[in-house]
Amino acid sequence: MRMACIHSFMTFMFVALLTNSGQLAYGNGCSYVQEACSVTRYPDICVRSLASFSSTAKRSPRKWARAGVSVTIGEVKDVAQNLKKLKKYRFMKGKNRIALSDCVECIQDALDELHKSLDVLRRLSKSTFNEQMSDLNTWISAALTDEDTCLDGFEDQKGKQVKLLQNQVLNATYITSNALALVNKLAATGLASITVP
């Protein structure tokens, strides 16, 4: 009976230890992403969209900036695909259809700017770091402007499809804004950011 009690106690302690270490590991990962996202305008969205990068990015501004832009590209690609479907199946009429065509172009331009940005983040160089940071700021800001321009076309317009589109593009602007903040943090951290593991 005594042995059974000891065995039960040991099992309980082992499970408790596993649970606590899991919480500690999650806690550390969670604090990394929260720390990185603290510089953004929409930290809750930032934490949700980038939490999976915690274990690899840790405290590296370079890795967080790259993760931010990568996630933004995925989000904007989804917007682009939905816009193409709306255009193909002619869900929108009149002014909304004209706005949709303009929006397709704006979002494609935004994607091009973001792809250029990710390409630069993959090959950061100490000799051209400041120039690269300036380019990144210009391109991601331009992507944000493109998304805002898309939204402007649907201002004061109504309809279920319009509302869904506005919400999706608006969400993309939040994520793009966060990516820009992470890139600006990288720029502010300076050349040391390149060598941070």
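Helices (H or I, at least four residues) and strands (E, at least two) are DSSP runs, numbered from the N terminus. This is a predicted model, where local features need pLDDT of at least 70, side-chain atom pairs count only at pLDDT 80 or more, and totals for chains, interfaces and linings use all residues. Residues are numbered from 1 along each chain as its sequence is written, and side-chain values use heavy atoms, with hydrogens and water left out.

**Exercise 1. Work out which pattern the protein follows along the sequence.**

Step 1: Count the elements. You get 8 helices and 0 strands.

Step 2: Write them in order. That gives α-α-α-α-α-α-α-α.

**Exercise 2. Check whether the end C-alpha atoms of helix 4 and helix 7 are as far apart as expected.**

Step 1: Grab the rule. The expected span of a helix is 1.5 Å times one less than its number of residues.

Step 2: Try helix 4. With 28 residues it should span 40 Å, and its end C-alpha atoms are 40 Å apart, so the two agree.

Step 3: Now helix 7 (residues 160-189). Its 30 residues should span 44 Å, and the end C-alpha atoms are 44 Å apart, so this agrees too.

Step 4: Look at what comes after. Helix 4 is followed by Arg-90, with a positive phi near 50 degrees, and helix 7 is followed by Gly-190, with a positive phi near 85 degrees.

**Exercise 3. Find the salt bridges in the structure and say where their partners sit.**

Step 1: Recall the idea. Side chains of opposite charge can pair when their charged atoms come close. For a salt bridge, a side-chain nitrogen of Lys or Arg must be within 4 Å of a carboxyl oxygen of Asp or Glu.

Step 2: Count them. The structure holds 3.

Step 3: Take Arg-59 and Glu-35, whose closest N and O atoms are 3.1 Å apart. Arg-59 lies in the loop between helix 3 (54-57) and helix 4 (61-88), while Glu-35 is in helix 1 (residues 2-37), so the pair ties together parts that are 24 residues apart in sequence.

Step 4: Take Lys-116 and Glu-113, which meet at 3.6 Å, N to O. They are 3 residues apart in helix 5, so about one helical turn separates them.

Step 5: Take Arg-123 and Asp-119, which meet at 3.4 Å, N to O.

**Exercise 4. Sort Glu-113, Lys-116 and Glu-35 into buried, partly exposed or exposed.**

Step 1: Set the cut-offs. Buried means under 20% relative accessible area, exposed means over 50%, and partly exposed is in between (1.4 Å probe, protein chains only).

Step 2: Apply them. Glu-113 has 16%, so Glu-113 is buried. Lys-116 has 38%, so Lys-116 is partly exposed. Glu-35 has 37%, so Glu-35 is partly exposed as well.

Step 3: Zoom out. Buried residues make up 40% of the 197 residues in the protein.

**Exercise 5. Find the residues other than glycine with positive phi in two loops, and describe their surroundings.**

Step 1: Start with Lys-58, whose phi is near 45 degrees. Lys-58 sits in the loop between helix 3 and helix 4, and its relative accessible area is 42%, so Lys-58 is partly exposed.

Step 2: Move on to Asp-156, whose phi is near 70 degrees. Asp-156 sits in the loop between helix 6 (129-152) and helix 7. With a relative accessible area of 70%, Asp-156 is exposed.
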